[in-house]
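Please walk me through this model in a viewer. Tell me what to select at each stop and what is there.

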Protein chains: 2
Amino acid sequence: MSYEDSGKTTTPPRMADVAKLAGVSKMTVSRVLAGRDVSQRTQKLVHEAIETLGYLPDASAGTLATGRSEFIVALVPSLASSNFADTVRGLNDAVSGHGLCLLLGDTDYHLEQEALLVRTLLRHRPVGVMLTGSAHLDETRRLLRQAQVPVVETWDIPDDPIEQSVGFSNVAAAAALYEHLHQQGYRRIGYIGGASVLDHRGQQRQQGYLQAVAAAGAQPRVMEYGESPITMSHGGESVKRLLEKWPDTEAVMCVSDLSAFGAIMECHRQGRRVPGDVAIAGFGDFEVSRYCTPTITTVSVDPYRIGRRAGELLVASAAAQRLGLPRAQTCDVVEFQIMAREST
Amino acid sequence: MSYEDSGKTTTPPRMADVAKLAGVSKMTVSRVLAGRDVSQRTQKLVHEAIETLGYLPDASAGTLATGRSEFIVALVPSLASSNFADTVRGLNDAVSGHGLCLLLGDTDYHLEQEALLVRTLLRHRPVGVMLTGSAHLDETRRLLRQAQVPVVETWDIPDDPIEQSVGFSNVAAAAALYEHLHQQGYRRIGYIGGASVLDHRGQQRQQGYLQAVAAAGAQPRVMEYGESPITMSHGGESVKRLLEKWPDTEAVMCVSDLSAFGAIMECHRQGRRVPGDVAIAGFGDFEVSRYCTPTITTVSVDPYRIGRRAGELLVASAAAQRLGLPRAQTCDVVEFQIMAREST
DNA sequence: AAAAGCGATGTTACCGGTAACATCGAGACA
DNA sequence: TGTCTCGATGTTACCGGTAACATCGCTTTT
């Protein structure tokens, strides 16, 4: 055990300590840290003092004095979904280069939890907030509006945007997938998704399916089962139930690639060939869909890019706000793409 | 657009505003928020004022005044790995109930980046820090020691612990998997992992393999390929190379389930049966391993639990520190378990 | 040579809370 | 009735930085 560990409670060094050691005023130390005009000689003295003492400036004090923090808030429905983890990663990559760091919140798919997190995290006066989805409580909107903080909604195209957004239409994407299957000749097409109305994106995909079914003049076959986040086991159970209820189903669309994979494995267990007996498509273009057998037809959406773009917008908005400029109102639509693979 | 949006830059309300509206002093407002003894009538007045103004206390000011923040820092090598995302989720679940929130950092498997993040994030005076792994730069250790902040290292059992730890021996786990395969009768056992020395856990698993090989008096067959985080495609390529170099290999251990899955799919493409022609085992018990065909033999480790436990330890340490008590020095060993499945 | 300009540094006040101590009024008690 | 006690509330100072302005010495301008 080293010396510092021995129970002594020494106060960590402050800027005043650095100033005293360097023989200058606090303000000069502050200027050196901010990279403002200070003579070479003084800079060197101050840096040496900082090094000697192991000084780390206190962020709270800085934030309080300037009214500006270094936080970006990121709220996701669940970190257990690699989709959202990737989005957070993209966001982080976009903002960390600007000296910003991430305050992470997990809403667990509950809007009340989202509102609570917004309330809690806004107390840190973040310079930007990334939300997932476009469904929010009025309270959430009110809090964000009052805080006058730049906001980006992701993973959707909001009807009533708070400010900016980066996403795609889950309705349109699901409908496009249906049409792709229809073009391939499939007619009796089912859908499996979660039973929770809280998963707004899941609900929208289902809605896209229903719209496409209606447009094709067909009958819907929807099997709702399991709570979000949807896993492989949900997919297996769902496809079993769906095929029991509608045995002549030719193709199944799934709310995510994970459930599609689970569904395919269940079909294999039941001796059904995919796509020979039943075709199965997913959503999200997860890694597994590119490497499993059969490879899975899916909708590709690049979650990392969504997060990255959201981060760029927030950085830009924060800069604009600092300069007193009006903030942009971008609605950034990211492309989705139907990936036709072996499973359909 | 509502009134607040109309370009006017109104300052958000402060505690002084609340106090004035309620007809009391700032201190009384502060007491109400802290839930200290204030008369019912005054409490009601204050709460109404808070509600009316939409007041949100400023966390920086509070932190500065009390010297206590509400942050827990979480550093992971990569959020792209669901393992670490799950650990972060567990950590979040453990600490969010105590009013703490997560400051997230992604080290990208680089110790220099870790040190930089520690330096940056310590400026926010977190009440606890969760690190991944036991390999850290001296600078990282020095910074953490000087900050006197509770630290938990995860995913390993450190030889030289900074303070506390929650994890398991990656060496022992890999060796145990080797022995399991050996008991099943496999003799010519290979190993595939990443080529990057930065992935310390991967290196340790390889070391465990090498130790077990030596103990069994066999010859090692190691194929290193790809940068961390290791993906399915790395597994496919690796197994191809390994089987080209040592065609009579009977079994292959993989650094992760993802590479194991990729390896199995590659074998199928080559017309090799798994486990008939070659057995393949993974590491981590990812969801895919339980649902794919064949199901994958692996080492199960529960990343969520590691994070959760780390969070509990940090909360306890933070509480102890606040009361001036000595902090515990727990080295928490979480169980790993060999999951024998169809692939071996 | 006096005034003006300018770079480098110091001084003061303030950001928005909270700890610690002061104060005040009402009921208890002698 | 006067003093003591105690709960409720107010006052003051301070946490650790930074903005804004003041100051100082030296060079430039006329």
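**Chain A as a whole**

Start by selecting chain A, whose secondary structure comes to 13 helices and twelve strands. Keep in mind throughout that this is a predicted model.

Zoom out until all of chain A fits on the screen. Along the principal axes, its C-alpha atoms fill a box of roughly 85 × 50 × 35 Å. The radius of gyration of chain A is 26 Å, whereas a compact globule of 344 residues would have one near 20 Å.

Now switch on a surface for chain A. The accessible surface comes to about 14700 Å², and carbon and sulfur atoms account for 49% of that. Of the 344 residues in chain A, 53% are buried. Taking the contacts between residues at least 6 apart in sequence, 68% join residues at least 24 apart.

Colour the charges next. Chain A has 34 positive and 39 negative charges, and the mean positions of the two sets are 6 Å apart.

**Stop 1: helix H4 of chain A**

Select residues 59–66 of chain A, which form helix H4. Which residues are buried in this helix? They are A:Ala59, A:Ser60 and A:Thr63. Looking down the axis of H4(A), these buried residues fall within an arc of 100°, so they line one face of the helix. An α-helix has 3.6 residues a turn, so residues three or four places apart point the same way.

Add chain B to the view. The cover over the buried residues of H4(A) includes helix H4 (59–66) of chain B.

**Stop 2: two positive phi angles in chain A**

Select A:Tyr109, in the loop between strand E2 (101–106) and helix H6 (111–122) of chain A. A:Tyr109 is not a glycine, yet its phi is positive, at about 65°. Is this residue buried or exposed? A:Tyr109 is buried, with a relative accessible area of 9%.

Move on to A:Gln148, in the loop between helix H7 (138–147) and strand E4 (151–154) of chain A. A:Gln148 also is not a glycine and has a positive phi, of about 50°. With a relative accessible area of 24%, A:Gln148 is partly exposed.

**Stop 3: strand E9 of chain A**

Select A:Ile280, which sits in strand E9 (residues 279–281) of chain A. Its relative accessible area is 0%, and A:Ile280 is buried. Show what surrounds this side chain: leaving aside neighbours within four places in sequence, the contacts of A:Ile280 include A:Val239, A:Val252, A:Cys254, A:Ile264 and A:Val274. Also among them are A:Ile296, A:Thr297, A:Ser343 and A:Thr344.

Then pick A:Ala251. A:Ile280 and A:Ala251 are 29 residues apart along the chain, while their C-alpha atoms are separated by 5.6 Å.

**Stop 4: a cis peptide bond in each chain**

Go to A:Pro294, in the loop between helix H12 (287–291) and strand E10 (298–300) of chain A. The peptide bond leading to A:Pro294 from A:Thr293 is cis, and its omega is near -5°.

Cross to chain B and select B:Pro275, in the loop between helix H11 (257–269) and strand E9 (279–281). Here a cis peptide bond joins B:Val274 and B:Pro275, with omega about 10°.

**Stop 5: helix H1 of chain B**

Select residues 15–22 of chain B, helix H1, where B:Val18, B:Ala19 and B:Ala22 are buried. Viewed down the axis of H1(B), the buried residues fall within an arc of 100°, so they line one face of the helix. What covers these buried residues of H1(B)? Helix H2 (26–34) and helix H3 (40–53) of chain B are among the elements that do. Just after H1(B), select B:Gly23, which takes a positive phi of about 75°.

**Stop 6: two more helices of chain B**

Select B:Asp93 in helix H5 (residues 82–96) of chain B. B:Asp93 counts as partly exposed, at 32% relative accessibility. Not counting residues up to four places away in sequence, B:Asp93 touches B:Tyr304 and B:Arg308. For a distance across the chain, add B:Gly190: it is 97 residues from B:Asp93 in sequence and 39 Å away, C-alpha to C-alpha.

End at B:Ala215, in helix H9 (residues 200–215) of chain B. B:Ala215 is exposed, with a relative accessible area of 70%. The C-alpha atom of B:Ala215 is separated by 22 Å from that of B:Leu242, 27 residues apart along the chain.

Note on methods:
Residues are numbered from 1 along each chain as its sequence is written. Chains are lettered from A and ligands numbered from 1 in the order in which they are written. This is a predicted model: local features need pLDDT of at least 70, side-chain atom pairs count only at pLDDT 80 or more; totals for chains, interfaces and linings use all residues. Side-chain values use heavy atoms; hydrogens and water are left out. Helices (H or I, at least four residues) and strands (E, at least two) are DSSP runs, numbered from the N terminus. The radius of gyration is taken over C-alpha atoms; the globule rule is 2.2 Å times the number of residues to the power 0.38. Buried means under 20% relative accessible area, exposed over 50%, partly exposed in between (1.4 Å probe, protein chains only). Contact means heavy atoms within 4.5 Å. Accessible areas come from the Shrake-Rupley method with a 1.4 Å probe; for residues, only the protein chains shown count as cover. Lys and Arg count as positive and Asp and Glu as negative; His and the chain ends are not counted. The place of a charge is taken as NZ of Lys, CZ of Arg, CG of Asp or CD of Glu. The arc is that of the directions from the helix axis to the C-beta atoms.
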